[in-house]
Amino acid sequence: NLTNAALLARRQAAIPRGVGHSHAIFIAKGENAEIWDVEGRRFIDFAGGIAVLNTGHRHPAVIQAVKDQLDKYTHTCFQVLAYEPYVELAERINAKAPGDFAKKTLFLTTGSEAVENAIKIARASTRRSGVICFSGGYHGRTLLTLAMTGKVVPYKAGFGPFPAEIFHATFPNALHGVTVDDSMASIETIFKNDIEPSRVAAIIIEPVQGEGGFVVAPPEMLQRLRALCDAHGILMICDEVQTGAGRTGTWFAVEQSGVAPDLITMAKSMAGGFPISAVVGRAEVMDAAAPGGLGGTYAGSPIACAAALAVLDVFEKENLLERSRNVGERLTSALKAMAARHACIGDVRGMGAMVAIELFKNGDVKQPDADLAKRITAEATARGLILLTCGTYGNVIRILVPLTASDAVLDEGLGIMADCFDAVA
Ligand code: PMP
């Protein structure tokens with residue numbers, strides 16, 4: 001019989017340690033917001049991989065669509081032999097992206113690849129090279145996206161040198177005293193110190209930083225970035241790999257600011273657990289790369305396209321955008337009740353069902369408490385709840401529970417969280 005301990009030993013012997021692990025648990029089966037490990041223990045899943053399961057583990061409609069696709073064909077490489085699901089998915093995502101202009105969509109396999117391609121397209125379109133990103137931002141693990149990621153340990157350390165022409169502005173963070181004015185001024189500083197605006201191809205921002213700690217960019221920030229980009233002919237890119245696919249209560253988080261970026265990247269939850277990512281944007285910008293300049297062997301795999309089309313249907317049939325807002329309210333009110341009892345919870349924040357708490361020693365925002373975040377997540381695992389941390393200081397606990405989770409399962413998970421704080425904090 002398999003045990004988690006025996007599998008962990010095999011994992012350690014066979015797989016490089018650079019592939020970290022949050023939990024020493026090996027899954028045997030997953031269903032909606034619950035998983036069972038190889039020892040038969042049940043857990044509630046508040047992580048969904050990392051933000052991949054907005055429609056839950058193995059949503060029946062997604063699984064059926066994949067099974068149907070498996071019976072027809074599984075691979076051709078879209079550049080070699082095209083297929084309709086790719087085209088239909090592009091049409092439906094084009095219709096969903098904000099902005100009163102024609103759009104086109106390109107499919108890739110991972111979030112990192114979507115970001116890489118957005119930058120390639122922005123450079124081809126503007127014939128400029130500079131890229132401005134934000135402190136604390138996360139854009140991936142490939143070398144270009146690592147250069148863009150705004151956190152050294154553990155992501156960048158030891159992996160340089162990185163591609164040139166990437167600059168970091170300061171992400172706004174009211175809790176830590178960084179205003180939108182400060183953030184916009186940090187871009188002007190880059191224009192002064194590092195690169196003239198006429199050489200900048202794109203500014204890329206996560207509407208809500210994911211790995212960076214669920215830090216919400218105020219709508220004003222996105223509006224001012226749009227105006228700045230327009231003033232200098234710079235393309236605005238929103239990285240919605242984590243915020244997209246309905247997590248924040250709208251299909252794209254940026255919709256809530258009224259801003260239409262030139263390009264948007266998405267991945268993770270768009271296909272309910274199957275690997276696919278996308279760049280959607282202004283048609284003429286998307287067309288800047290010459291034929292043969294974009295693509296990939298597995299990019300836009302028919303199996304993943306079928307899954308993604310099913311996810312779009314599930315969002316409509318099950319009203320999951322509204323559900324996302326309801327889940328967000330339910331999570332936020334329960335977490336606020338925990339915060340009222342525990343001073344260490346210094347902030348409860350988020351957008352829609354993308355919700356997190358930030359932990360501090362004695363509630364002092366100058367003393368991030370990563371150790372407590374670790375102890376709470378370990379206690380949660382022991383009590384049957386999968387939680388994830390994030391944040392520049394590792395002191396944020398984030399919730400990315402499936403939007404399809406029942407209220408009973410949500411409340412059970414939140415109850416376990418409350419018990420963990422009572423036991424450990
Ligand atoms: N951008 C953002 C905002 C992300 O959250 C992530 C993944 N955490 C990525 C890009 C990279 O995606 P992937 O791991 O699929 O390459």
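A residue counts as buried here if 20 or more other C-beta atoms, placed from the backbone, lie within 10 Å of its own. Keep that in mind as you click around. This is a predicted model, where local features need pLDDT of at least 70 and side-chain atom pairs count only at pLDDT 80 or more, while totals for chains, interfaces and linings use all residues. Residue numbers start from 1 along each chain as its sequence is written.

Select helix α11, residues 302-317 (helices are DSSP runs of H or I, at least four residues, numbered from the N terminus). Of its 16 residues, 13 are buried, so the rest of the structure largely encloses α11. End to end, from first C-alpha to last, α11 reaches 22 Å, close to the 22 Å expected at 1.5 Å a residue (1.5 Å times one less than the number of residues). Just after α11 comes Asn319, with a positive phi near 55°.

Now add α4, residues 84-96: the axes of α4 and α11 are 9 Å apart, at an angle of about 40° (axes are lines fitted to C-alpha atoms over the stretch in contact, with angles from 0 to 180 degrees between N-to-C directions). On the α4 side, show Pro85, Tyr86, Glu88, Leu89 and Arg92; on α11, the contact residues include Pro302, Cys305 and Leu312 (contact means C-beta atoms, placed from the backbone, within 7 Å).

Last stop: the ligand. Which residues are the closest to the ligand? Pick Thr110, Gly111, Ser112, Val241 and Gln242, out of 15 that surround the ligand (C-beta atom, placed from the backbone, within 6 Å). Helix α5, residues 111-126, gives the most to this shell, with three residues.

Notes:
Helices (H or I, at least four residues) and strands (E, at least two) are DSSP runs, numbered from the N terminus. Two residues are in contact if their C-beta atoms, placed from the backbone, lie within 7 Å. A residue is buried if 20 or more other C-beta atoms lie within 10 Å of its own, exposed if 12 or fewer, and partly exposed in between; C-beta atoms are placed from the backbone.
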